[in-house]
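User: Please give me a close look at one part of this model: how its strands pair, and what packs around them. Then follow the packing outward as far as it helps.

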2 protein chains.
Amino acid sequence: MQHLHVELGARSYPILIGPGLLGRADLFEEYVARASVLAGGRPTNDFLLVTNTTVSPLYAERVHASLPGRRIVEVVLPDGEQHKTLANVSSIFDVLVANRYARDACVLALGGGVVGDMAGFAAACYQRGIDFVQLPTTLLAQVDSSVGGKTGVNHPGGKNLIGAFHQPRAVLADTDTLATLPVRELRAGIAEVIKCALIEDEPFFAWLEDRIEALLAREPEALGHAIRKSCEIKAGIVARDERESGDRALLNLGHTFGHAIEAVQQYRGLLHGEAVGAGLAMAATFSVRAGLMDEADAARVRALLVRAGLPIEAQDVAGAAALEAMRIDKKVQSGRMRFVLMRGIGRSFVTADYPEDALAATLETHFA
Amino acid sequence: MQHLHVELGARSYPILIGPGLLGRADLFEEYVARASVLAGGRPTNDFLLVTNTTVSPLYAERVHASLPGRRIVEVVLPDGEQHKTLANVSSIFDVLVANRYARDACVLALGGGVVGDMAGFAAACYQRGIDFVQLPTTLLAQVDSSVGGKTGVNHPGGKNLIGAFHQPRAVLADTDTLATLPVRELRAGIAEVIKCALIEDEPFFAWLEDRIEALLAREPEALGHAIRKSCEIKAGIVARDERESGDRALLNLGHTFGHAIEAVQQYRGLLHGEAVGAGLAMAATFSVRAGLMDEADAARVRALLVRAGLPIEAQDVAGAAALEAMRIDKKVQSGRMRFVLMRGIGRSFVTADYPEDALAATLETHFA
């Protein structure tokens with residue numbers, strides 16, 4: 001088992017990574033049942049287990065068994081990004097109220113990023129904020145969405161437009177759950193791993209070039225290393241800039257393009273991680289066209305994405321439609337778009353200062 | 001004009017109190033248009049003015065005139081506590097999204113506590129938090145709900161169960177707006193003023209005994225003093241305990257009983273401030289029966305409430321129903337209720353340690 005610490009002052013929390021964690025009653029006792037105590041609160045007996053129709057039959061029983069004697073009410077949501085809505089968060093509120101859960105109750109998010117985002121947002125707003133613990137069961141959630149405290153839901157007008165910053169009390173990432181993950185979702189998670197390396201860690205990128213097949217084969221040692229490194233990189237950035245006023249925007253590498261693809265496809269096309277994969281290839285092209293990065297580095301980015309089974313273009317999406325979608329994206333401030341670009345592998349930075357023709361060429365190259 | 005400062009580190013903000021503030025373009029320029037700049041952000045041209053059907057025709061035009069050249073989209077909500085719902089906050093999100101407002105947009109809450117709570121909650125959640133400014137137009141909002149950063153909505157199962165802590169960038173309390181306030185609402189606001197005195201300021205309570213008729217006659221000097229003192233007391237408590245982990249619970253003096261009355265009446269009976277007035281009389285009786293406070297002090301509390309035209313009992317509400325409503329109230333932790341009691345006027349404290357028969361006697365005395 002690996003143990004990381006996210007340093008956020010009074011909101012600091014541990015991330016545990018390893019096989020079999022969902023069955024470890026000792027860890028649940030220390031990090032879940034006493035999560036509020038570590039934060040200066042009182043121990044609780046009241047848990048709300050938020051999960052979905054796919055994950056519940058696979059893993060909910062392990063959670064129940066690891067918290068013996070506690071009251072655990074389960075909320076089973078429909079599975080899929082299209083269900084990440086305020087209406088579903090409202091249904092979580094209804095269950096919390098109906099069971100008269102008080103401020104000392106704790107929400108457990110068992111599932112992927114969609115479950116984590118909704119359960120975390122419900123915890124952020126119920127009685128103006130109660131504890132929650134992330135139990136991520138997808139690679140994407142283990143490396144990305146369960147770290148950093150972003151919670152929320154989509155709006156018909158855009159992704160993640162409604163939400164809150166609310167840090168979990170702990171994250172327990174059981175790598176055994178990745179055995180049942182569909183291969184498309186595994187690849188989508190690897191896109192976020194590649195993103196972390198591209199932001200600030202060239203040696204990790206080289207390690208991925210060496211071990212990508214081991215990750216796809218779900219070799220436990222390779223998965224454990226990739227998750228730990230990704231969480232370390234993300235946790236470090238979040239610790240520097242919890243509320244995204246500066247450095248944290250680096251984590252959006254590939255996301256401005258990725259979100260645009262998802263929006264135009266109305267969240268029924270590529271998975272989020274797949275769209276981010278394509279977005280990374282686009283950010284690389286943009287960086288080359290802006291004269292920032294060597295074409296040889298961009299070729300390495302594309303080659304790794306292809307080996308991971310990820311898309312590097314969006315030929316069913318019109319460039320003009322993607323541009324329009326980007327403008328409503330939340331990274332836009334006062335009309336000028338901001339992008340994360342690269343001066344090389346592991347050397348990303350945020351800017352609103354770029355040549356317009358480099359953006360146009362990128363849209364031309366990767367979109368319809 | 002009076003100027004207070006709420007000290008909350010990076011979330012500190014000014015409260016301005018006085019006549020004619022809504023017409024002061026110079027103050028809007030300094031404290032509203034540049035609110036985000038003071039907090040290290042960029043100036044914005046995008047404002048969302050949230051108000052209601054009663055207040056809009058009276059005061060919205062003054063706000064428009066005081067922010068010349070800016071884009072101000074107006075959301076006019078229905079008036080009344082029964083409309084403080086997640087559905088109405090969702091309609092605010094829809095307008096923000098439809099107008100493509102970005103993170104630098106600023107929400108203006110023009111109205112009473114209901115408008116402020118909903119507009120503030122929408123600002124807390126839109127893009128995970130944008131700026132907002134309170135422009136309270138009722139005495140209750142000027143002395144209480146616009147200070148302290150509590151935002152949120154009611155749930156059919158209880159009041160204020162869904163919400164967030166989100167501090168305004170500034171509060172501009174124009175005392176001229178109190179001229180159009182219905183007398184019942186004026187009295188409801190005075191209940192919160194009396195509460196502030198009872199918590200920790202016996203001399204202010206004595207001033208109220210001396211000047212209650214001047215307040216009811218809306219004498220500007222008396223109103224200005226009462227609002228400033230109340231905001232000072234509340235701001236001081238909030239600065240000590242922003243997230244209500246300790247001292248801030250003092251502000252719930254009278255509220256456990258008051259919320260119970262409102263819940264049993266399904267928010268269609270007493271106004272919030274009226275219910276708090278009755279709750280203050282109940283807290284006084286409770287404190288006397290618990291052997292904490294002299295009956296003479298409780299008599300002073302009741303006498304001032306009566307002179308203010310506030311209720312001191314709830315004879316249409318069954319004591320058993322009120323007790324049941326209190327248990328679901330958010331102040332309950334792990335089954336044991338907490339109350340704010342008094343050792344005397346201006347000497348309040350929070351406790352879960354009280355004689356059960358004192359509670360029973362209080363219910364018997366003040367309820368059906």
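Analyst:

**The sheet and its surroundings**

Start at the N-terminal end of chain A. Strand E1 (residues 2-6) of chain A pairs with strand E2 (residues 13-18) of chain A; the sense is antiparallel, and 5 bridges hold the pairing. Keep in mind that this is a predicted model. Within the pair, A:His3 sits opposite A:Leu16 of E2(A). The two strands make a hairpin, with 6 residues between E1(A) and E2(A). In its turn, A:Gly9 has a positive phi of about 60°.

Now step back to the whole sheet. E1 and E2 of chain A belong to an open sheet of 7 strands. Read across chain A, the order is E1-E2-E9-E6-E5-E3-E4, and the pairing is mixed. E1 and strand E4 (71-77) of chain A are the edge strands, each of them pairing on one side only. From one strand to the next, the twist averages 15°. One general point helps when you look at the side chains. In a regular strand they alternate between the two faces of the sheet.

Next, the E5-E6 pair. Strand E5 (residues 106-111) of chain A and strand E6 (residues 131-136) of chain A run parallel, joined by 6 bridges. Here A:Leu108 is opposite A:Val133 in E6(A).

Helices cover parts of this sheet. Helix H5 (residues 113-125) of chain A lies across strand E3 (46-52), E4, E5 and E6 of chain A. H5(A) runs at about 170° to E5(A). Helix H9 (residues 220-240) of chain A also packs on the sheet, where it touches E1 and E2 of chain A. The direction of H9(A) makes about 10° with that of E1(A). The hairpin strands described at the start are thus where H9(A) makes its contact.

Chain B gives a second view. Its open sheet has 7 strands in the order E1-E2-E9-E6-E5-E3-E4, with mixed pairing. The edges are strand E1 (2-6) and strand E4 (71-77) of chain B, and each pairs on one side only. The twist averages 15° from strand to strand. Strand E5 (residues 106-111) of chain B pairs with strand E6 (residues 131-136) of chain B in the parallel sense, over 6 bridges. In that pair, B:Gly111 has B:Pro136 of E6(B) as its bridge partner. Helix H4 (residues 86-98) of chain B packs on the sheet and touches strand E3 (46-52) and E4 of chain B. Its direction makes about 160° with that of E4(B). Helix H9 (residues 220-240) of chain B packs on the sheet too, touching E1 and strand E2 (13-18) of chain B. H9(B) points at about 10° to the direction of E1(B).

How do the chains relate? A turn of 180° and a shift of 0.0 Å along the axis lay chain B on chain A, with an RMSD of 0.0 Å. The two copies are therefore related as by a two-fold rotation axis. Of the interface residues of chain B, 100% are interface residues in chain A as well, so the copies meet through the same surface.

Beyond the sheet, look at helix packing. In chain A, the axes of helix H7 (residues 183-200) and helix H11 (residues 272-289) come within 7 Å and cross at roughly 40°. That angle makes H7(A) oblique to H11(A). The crossing of H7(A) and H11(A) is left-handed. H7(A) contributes residues including A:Arg184, A:Ala188 and A:Leu198, and H11(A) residues including A:His272, A:Val276 and A:Leu280. By class, this contact of H7(A) with H11(A) has 6 nonpolar, 3 polar and 4 charged residues.

In chain B, follow H11 to two other partners. Helix H10 (residues 255-264) of chain B packs on helix H11 (residues 272-289) of chain B at about 130°, with the axes 7 Å apart. H10(B) and H11(B) are therefore oblique to each other, and their crossing is right-handed. Among the residues that meet are B:Phe257 and B:Ile261 in H10(B), and B:Met282 and B:Phe286 in H11(B). The contact of H10(B) with H11(B) divides into 8 nonpolar, 5 polar and 1 charged.

The other partner is helix H14 (residues 356-366) of chain B, which packs with H11(B) at about 140°, axes 9 Å apart. H11(B) passes H14(B) in a right-handed crossing. B:Met282 and B:Phe286 are among the H11(B) residues in this contact; B:Leu359 and B:Thr362 are among those of H14(B). By class, the contact of H11(B) with H14(B) has 6 nonpolar, 4 polar and 1 charged residues.

Conventions: Residues numbered from 1 in each chain as written. Chains lettered and ligands numbered in written order. Predicted model: local features only at pLDDT ≥ 70, side-chain atom pairs only at ≥ 80, totals over all residues. Heavy atoms only, no water. Axes fitted to C-alpha atoms, helices over the stretch in contact; angles between N-to-C directions. Helix = DSSP H or I, 4+ residues; strand = E, 2+ residues; numbered from the N terminus. Parallel < 35°, antiparallel > 145°, perpendicular 65-115°, else oblique. Left-handed = near helix turned anticlockwise from the far one by under 90°. Contact = heavy atoms within 4.5 Å. Nonpolar A, V, L, I, M, F, W, Y, C, P; charged D, E, K, R; others polar. Pairing = 2+ DSSP bridges. Least-squares fit on C-alpha atoms with pLDDT ≥ 70 in both.
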